[in-house]
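Trainee: Could you take me through the interface of chain A and chain B in some detail? I'd like the contacts spelled out, cut-offs included.

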Protein chains: 2
Amino acid sequence: MKEAPDIHIAALLERIGRLLASDAQANGLLPVHWETLRYLDRANRFSMTAAALTAYLGLTKGTVSQSLNSLETKGLVRKRVDLRDRRSKRLSLTAEGKALLKNDPLLLTSQAINALSPSAKDALADSLQTFLSQRLATQDRQAFGQCRDCRYFARRHEKGKPFFCQLLQEPLNESDSLSICYEQQPA
Amino acid sequence: MKEAPDIHIAALLERIGRLLASDAQANGLLPVHWETLRYLDRANRFSMTAAALTAYLGLTKGTVSQSLNSLETKGLVRKRVDLRDRRSKRLSLTAEGKALLKNDPLLLTSQAINALSPSAKDALADSLQTFLSQRLATQDRQAFGQCRDCRYFARRHEKGKPFFCQLLQEPLNESDSLSICYEQQPA
DNA sequence: TCCTTTGGTAGCGAGTCGAAACTTTTTAGA
DNA sequence: TCTAAAAAGTTTCGACTCGCTACCAAAGGA
């Protein structure tokens with residue numbers, strides 16, 4: 001590996017992407033379904049909507065609506081109307097949905113990662129994260145980073161709800177601070 | 001980035017894969033079409049068949065057959081029956097197909113890669129290559145590596161055709177040695 | 001009040017994709 | 001040599017994604 005032209009790395013990323021996508025056709029679910037379940041598992045309460053999911057996946061509203069219908073029919077996702085904004089519906093994983101994530105085909109991929117050396121892993125994670133941010137920024141798409149890395153994230157030093165979102169004016173707990181957020185803007 | 005758990009890296013890879021796939025819907029072509037054009041551009045003469053492409057993409061024969069028909073109708077790919085083995089058809093890119101590769105959406109990705117430091121690039125290429133080989137091996141799938149990295153690759157020190165394939169008993173030139181091959185087995 | 005924006009749905013058409021059945025050609029075995 | 005199995009591709013079918021357009025209802029301004 002004496003040379004590493006950019007186009008070669010790009011081709012590797014694309015090829016690996018396809019490989020993972022074809023692995024993801026497990027348990028009768030399609031790749032986009034797995035992505036949806038993972039998103040709902042990791043997103044905070046402000047981001048559990050079809051609109052946020054649409055932005056995350058980079059698809060159109062109609063497509064996402066259909067996928068969610070399919071997942072709801074399968075009993076993996078639940079939709080409830082938001083009482084504050086009655087246009088919106090709040091999404092959540094059902095117990096079945098959460099259970100299914102234990103069989104996430106991504107765990108297979110995770111094992112192949114395990115074969116890398118610790119330093120290679122760190123470097124890989126760094127590079128991929130940088131690349132992803134870069135790529136999303138050039139398309140004016142949200143980063144969906146962790147809450148705690150957001151410019152609106154503040155510490156209040158209170159028990160139970162030690163953090164605070166200055167954008168939504170909402171208290172945050174430890175778990176919130178680790179979730180990914182639709183509104184997140186890197187500090 | 002103090003921690004880099006395997007599952008996190010796996011999720012990054014999957015997310016980036018989807019991102020690239022949605023970019024790849026350019027020029028009216030679908031992601032799998034671009035992958036096909038790129039494959040035919042990089043494969044050696046022993047690997048320009050639907051069967052090899054099927055193994056490369058990890059899809060079924062039927063699906064690939066349909067994709068190729070679509071590309072042939074668009075005038076990007078040509079099919080000709082192989083005179084030695086009349087079951088087989090030899091694929092090739094048309095002039096239009098080669099020209100279209102100049103607009104490969106992968107070039108966009110390539111630019112985002114460019115933002116990384118040289119050392120990060122090298123590390124990234126290494127890690128991705130290792131990961132890909134690992135992943136393909138566990139599924140008993142071919143590596144599709146470069147001809148010159150194959151255990152059947154030999155040097156003959158003759159002009160014009162300086163190399164030789166000990167598996168297919170065929171002379172190879174410089175260009176052959178750089179192509180990816182269906183039969184390739186890492187040395 | 002009117003008008004725009006936002007969140008979501010419904011229907012359409014194109015096309016992937018897997019599965020299975022099928023044709024033709026090649027190869028291996030008795 | 002005859003025959004059976006394997007290999008290369010094609011075709012058809014059904015399920016589903018995905019973009020697109022049109023649509024509806026709620027929210028927010030001017």
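Mentor: Across the interface of chain A and chain B the rule finds 6 salt bridges, each being a side-chain nitrogen of Lys or Arg within 4 Å of a carboxyl oxygen of Asp or Glu. One of them joins the side chains of Asp6(A) and Lys121(B), at 2.9 Å from N to O. Keep in mind that this is a predicted model, where local features need pLDDT of at least 70, side-chain atom pairs count only at pLDDT 80 or more, and totals for chains, interfaces and linings use all residues. Side-chain values use heavy atoms, with hydrogens and water left out, residues are numbered from 1 along each chain as its sequence is written, and chains are lettered from A and ligands numbered from 1 in the order in which they are written.

Going by contact (heavy atoms within 4.5 Å), 60 residues of chain A meet 60 residues of chain B. Put the two chains together and about 5900 Å² gets buried, with carbon and sulfur atoms giving 65% of that; buried area here is the accessible area (1.4 Å probe) that two parts lose on being put together, summed over both. There are also 10 residue pairs in polar contact between chain A and chain B, both residues at pLDDT 80 or more. A polar contact is a pair of N or O atoms within 3.5 Å; within protein, one must be able to donate a hydrogen and the other to accept it, and residues adjacent in sequence count only if both atoms are side-chain atoms.

On the side of chain A that touches chain B, H1(A) gives the most, with 17 residues.

How values were computed. Helices (H or I, at least four residues) and strands (E, at least two) are DSSP runs, numbered from the N terminus.
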